[in-house]
Amino acid sequence: MKTTAAATLATLAGHSASSIAQARGPIERSGPPRFRIGIAGYSLRPYFRYMKGKEQTFRPIPDDVSFTDRDVSGGLTQTDFLDYCVSMGVEAAELTGYFMTPGPDGFPTEASLLELRRQAFTRGVVISGTAIGNNFTVGLGERYEQEVRDAIRWIDLAATLGAPHIRFFAGTAAQLAKSPTRMDEAVAAVNRCAEHAAKKGVFLGVENHGRLTATQMLEIMDRVDSPWVGINLDTGNFESDDPYGDLEACAPYAVNVQVKPVTKSPSGEKTPADYGRIAKILRDSGYQGYVVLEYEDADVLEALPGHLDELRGALEV
């Protein structure tokens, strides 16, 4: 722990001294904008058999909803979700790590991930990425180190799965506000993970989660020195008076986009998302990559198909 802490502090010092002056620019792309549509597994979270390594009390699939020939009365598996993506006619599936079948240590086994990779391929569904729920703003110590170790473990698992991208969290705005060093610590953790991700060919998309502002997201991008790191741009996560302005500022750094059907004000008031405006922001930024729909309300099975049609129309795909 002493050695690791010393290395972390050295990393902090180096990045604090040169952060904005050596800021890297937006993602470099070639050619016009291109979008590949998918669905985030998080959308169906009440129906999965597992939640973060444990069996959960899941919601049964209604009898009049059919998207697989297998029995799903025991809760959905990731293979069932692949079938759902096939039934919705999307190209990609984002397989959230929370819902994967756990092995003895709580993480999915290599064998199960390889089988899931095979099942996706035979269905013609691309695995656009996976998603984890880490937190790098908990303060230096054993929990911080465990968060980094677990994130690095997921990088290895993503490589086995064939997932080119992992949705990462940096931390929360509330914890960043507690101490001026928390941002330094979060950046150091992302840089440590990025060094490993570069060896595995896996992109890390830091999400605008935990009420982080666009300014904070851009600071993280300025201070992370790896080309394997970008923003996992969630269109519903900026709780501000100008969420579309925030999206426009961050879109040039996006390596994955999750579209929610709503935006939020600072007070938490929800407003229906303007898919056309979101599409324009992505086009203007030159974004090329996956755009996955993430639906969080209870009526997902009824409402998601309509939102998917609207999103496709706005993106013209």
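This text walks through the fold, the aromatic rings and the charged pairs of the structure above. The model is predicted.

Start with the whole protein. Its secondary structure comes to 10 helices and 12 strands. The C-alpha trace spans about 60 × 45 × 40 Å along its principal axes. For 317 residues, a compact globule would have a radius of gyration near 20 Å; the protein has 19 Å, so the value agrees with such a globule. Of the 317 residues, 54% count as buried. The accessible surface comes to about 13,900 Å². Carbon and sulfur atoms hold 51% of that surface.

Next, consider how the chain meets itself. Take the contacts between residues at least 6 apart in sequence. Among these, 77% join residues at least 24 apart. Several of the side-chain pairs below show such links between distant parts.

Now turn to the aromatic rings. Rings count as a pair if their centres lie within 6.5 Å. By this rule there are 11 aromatic pairs. One of them joins phenylalanine 48 and phenylalanine 81. The ring centres are 6.1 Å apart, and the planes meet at 65 degrees. That angle makes the pair edge-to-face, because planes over 60 degrees apart count as such. Where do the two residues sit in the chain? Phenylalanine 48 is in the loop between β1 (34–40) and β2 (50–51), while phenylalanine 81 is in helix α2 (residues 78–87). The pair therefore ties together parts that are 33 residues apart in sequence. Phenylalanine 48 has a relative accessible area of 0%, so it is buried. Phenylalanine 81 is also at 0% and counts as buried.

A second pair has another setting. Phenylalanine 203 and tryptophan 228 lie 4.7 Å apart, centre to centre. Their planes are 45 degrees apart, and the pair is tilted. It links distant parts of the chain. Phenylalanine 203 belongs to strand β7 (residues 203–207), and tryptophan 228 to the loop between α7 (214–223) and β8 (229–234). The two are 25 residues apart. Are these rings buried or partly exposed? Phenylalanine 203 has 30% relative accessibility, so it counts as partly exposed. Tryptophan 228, at 26%, is partly exposed too.

Rings also gather in a group. Tyr42, Phe48, Phe67, Phe81, Tyr84, Tyr98 and Phe99 form one aromatic cluster. The edge-to-face partners Phe48 and Phe81 are among its members. Tyr98 of this cluster has a charged neighbour as well. The charged end of lysine 52 sits over the tyrosine 98 ring, 4.7 Å from its centre. Elsewhere, the charged end of arginine 59 sits over the ring of tyrosine 47. Here the distance to the ring centre is 5.4 Å.

That brings us to pairs of charges. Side chains of opposite charge can pair when their charged atoms come close. The whole structure holds 21 salt bridges. Arginine 182 and glutamate 185 form one of them, at 3.8 Å from N to O. Both residues lie in helix α6 (residues 182–200). They are three residues apart, about one turn of the helix. An α-helix has 3.6 residues a turn, so residues three or four places apart point the same way. Arginine 182 and glutamate 185 are both buried.

Other salt bridges reach across the sequence. Arginine 211 pairs with glutamate 239, and their closest N and O atoms are 3.0 Å apart. This pair links distant parts of the chain, 28 residues apart. Arginine 211 is in the loop between β7 and α7, glutamate 239 in the loop between β8 and α8 (243–250). Glutamate 239 has a relative accessible area of 26%, so it is partly exposed.

Lysine 260 forms a salt bridge with glutamate 296; the closest N and O atoms are 3.6 Å apart. Lysine 260 lies in the loop between β9 (254–259) and β10 (262–264), and glutamate 296 in the loop between β12 (288–293) and α10 (300–315). This pair therefore ties together parts that are 36 residues apart in sequence. Lysine 260 is buried, with a relative accessible area of 5%. Glutamate 296 is partly exposed, at 34%. Salt bridges that share partners also join Arg70, Asp80, Asp83 and Arg123 into one network.

End with helix α7. It is mostly covered: seven of its 10 residues are buried. These are Ala214, Gln216, Met217, Ile220, Met221, Asp222 and Arg223.

Note on methods: Residues numbered from 1 in each chain as written. Predicted model: local features only at pLDDT ≥ 70, side-chain atom pairs only at ≥ 80, totals over all residues. Heavy atoms only, no water. Phe/Tyr/Trp six-rings, centres within 6.5 Å; stacked < 30°, edge-to-face > 60°. Helix = DSSP H or I, 4+ residues; strand = E, 2+ residues; numbered from the N terminus. Buried < 20%, exposed > 50% of the residue type's maximum accessible area, 1.4 Å probe, protein only. Lys NZ or Arg CZ within 6 Å of the ring centre and 35° of its normal. Rg over C-alpha atoms; globule rule 2.2 N^0.38 Å. Contact = heavy atoms within 4.5 Å. Areas by Shrake-Rupley, 256 points an atom, 1.4 Å probe, with all protein chains shown as cover. Salt bridge = Lys/Arg side-chain N within 4 Å of Asp/Glu carboxyl O.
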